[in-house]
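Q: Let's walk through this one together. Start with a term we'll need, then take my questions as they come.

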Amino acid sequence: LQIASRTDPGRVRQFNEDSVAADAGAGLIALADGLGPQKGAEAASRIAVSTVIERLRNHGQLAPRVAMRDALARADRAIRDKAATDPTLKGMGSTLSVAWFHHGRVLMGHIGDSRIYRLRNGRLERMTSDHSFLNEQIATGQFTAEELRRSQSRQLVTRALGVTDEAVPDYAEQEVEVGDVY
């Protein structure tokens with residue numbers, strides 16, 4: 001397993017609220033994008049990736065799926081706890097995508113709109129579905145993609161860590177093939 005990462009604030013923001021953490025030896029990589037006030041966004045994304053990597057590294061005898069659910073729940077709780085102790089962090093949250101490569105498989109946990117893609121045999125495929133206003137409106141047929149492209153609400157994330165009483169991530173697991181790039 002080889003891991004490389006790079007983040008960029010893009011053209012709109014001055015600050016980069018992305019955080020990446022990895023442990024190639026344990027087969028782990030996590031990417032988060034903070035939400036909320038700048039100081040809080042940066043803190044939330046750092047808490048998300050560090051908590052999930054640490055929990056999965058030290059999962060003990062938990063089955064991988066159970067360990068993944070526990071790790072994301074702990075990251076969610078850690079963000080909410082930190083926001084509760086510092087008024088300047090109120091409203092902070094984070095997206096999170098994590099991949100855990102083990103025994104020829106990859107287990108993915110995902111919440112928000114930080115995506116996981118797979119390149120296999122020259123074909124790029126999105127492995128996660130955004131938890132966003134845009135995606136939900138298209139899925140329910142309420143708006144077309146073109147109508148939403150002009151919408152002011154298209155960047156609204158509908159699920160994230162730290163913003164509700166309980167985060168609801170998605171999980172998926174699949175076989176990895178030689179040459180796959182995630």
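A: Buried means under 20% relative accessible area, exposed means over 50%, and partly exposed lies in between (1.4 Å probe, protein chains only). This is a predicted model, in which local features need pLDDT of at least 70, side-chain atom pairs count only at pLDDT 80 or more, and totals for chains, interfaces and linings use all residues. Residues are numbered from 1 along each chain as its sequence is written, and side-chain values use heavy atoms, without hydrogens or water.

Q: Good. Salt bridges, then: what does the count come to?

A: The count comes to 16 salt bridges. The rule is a side-chain nitrogen of Lys or Arg within 4 Å of a carboxyl oxygen of Asp or Glu.

Q: Give me one inside a helix. Where are E54 and R57?

A: Both are in helix 1. They sit three residues apart there, so about one helical turn separates them. Their side chains form a salt bridge at 3.1 Å, N to O. Helices (H or I, at least four residues) and strands (E, at least two) are DSSP runs, numbered from the N terminus.

Q: Is E54 buried, exposed or partly exposed? And what about R57?

A: E54 is partly exposed at 39% relative accessibility. R57 is partly exposed too, at 38%.

Q: Now one with a long reach. What do the side chains of E173 and R105 do?

A: They meet in a salt bridge, 3.3 Å from N to O. This pair links distant parts of the chain, 68 residues apart. E173 is in strand 7 (residues 170-175) and R105 is in strand 4. E173 has 22% relative accessibility, so it counts as partly exposed. R105 is partly exposed as well, at 28%.

Q: Which residues are linked in a network with those two?

A: R65 and E175. Together with R105 and E173 they make up a network of salt bridges.

Q: What about D130 and R115, how do their side chains meet?

A: In a salt bridge of 2.7 Å, N to O. D130 lies in the loop between strand 6 and helix 3 (133-139), and R115 lies in the loop between strand 4 and strand 5, so the pair ties together parts 15 residues apart in sequence.

Q: D130: buried or exposed?

A: Buried, at 10% relative accessibility. R115, its partner, is partly exposed at 34%.

Q: That loop before helix 3 has S132 in it as well. Buried or exposed?

A: Buried, with 4% relative accessible area.

Q: Which residues is S132 in contact with?

A: Neighbours within four places aside, S132 touches L156, V157 and T158. Contact means heavy atoms within 4.5 Å.

Q: Switching topic. How do helix 1 and helix 2 pack?

A: Helix 1 (residues 38-57) and helix 2 (residues 64-85) pack at about 145°, and their axes are 8 Å apart. Axes are lines fitted to C-alpha atoms, for helices over the stretch in contact, and angles run from 0 to 180 degrees between N-to-C directions.

Q: Which residues meet there?

A: Helix 1 brings A44, I47, A48, T51, V52, R55 and L56. Helix 2 answers with A67, M68, D70, A71, L72, R74, A75, A78, I79 and K82.

Q: And V98, where is that found?

A: In strand 3. V98 is buried, at 0% relative accessible area.

Q: Which residues is V98 in contact with?

A: Leaving out neighbours within four places in sequence, V98 contacts I29, A30, V52, L56, M68, L72, L107, M108, G109 and I116. V52 and L56 belong to the helix 1 side of the helix pair, M68 and L72 to the helix 2 side. V98 and A30 are 68 residues apart in sequence, but 4.2 Å apart in space, C-alpha to C-alpha.

Q: Last topic, backbone. What is the phi of H103?

A: About 50°, a positive value, although H103 is not a glycine. H103 sits in the loop between strand 3 (93-102) and strand 4 (105-111). It is exposed, with 80% relative accessibility.

Q: And N121, what is its phi?

A: N121 has a positive phi near 50°, and it is not a glycine either. Its place is the loop between strand 5 and strand 6 (123-126). N121 counts as exposed, at 73% relative accessibility.
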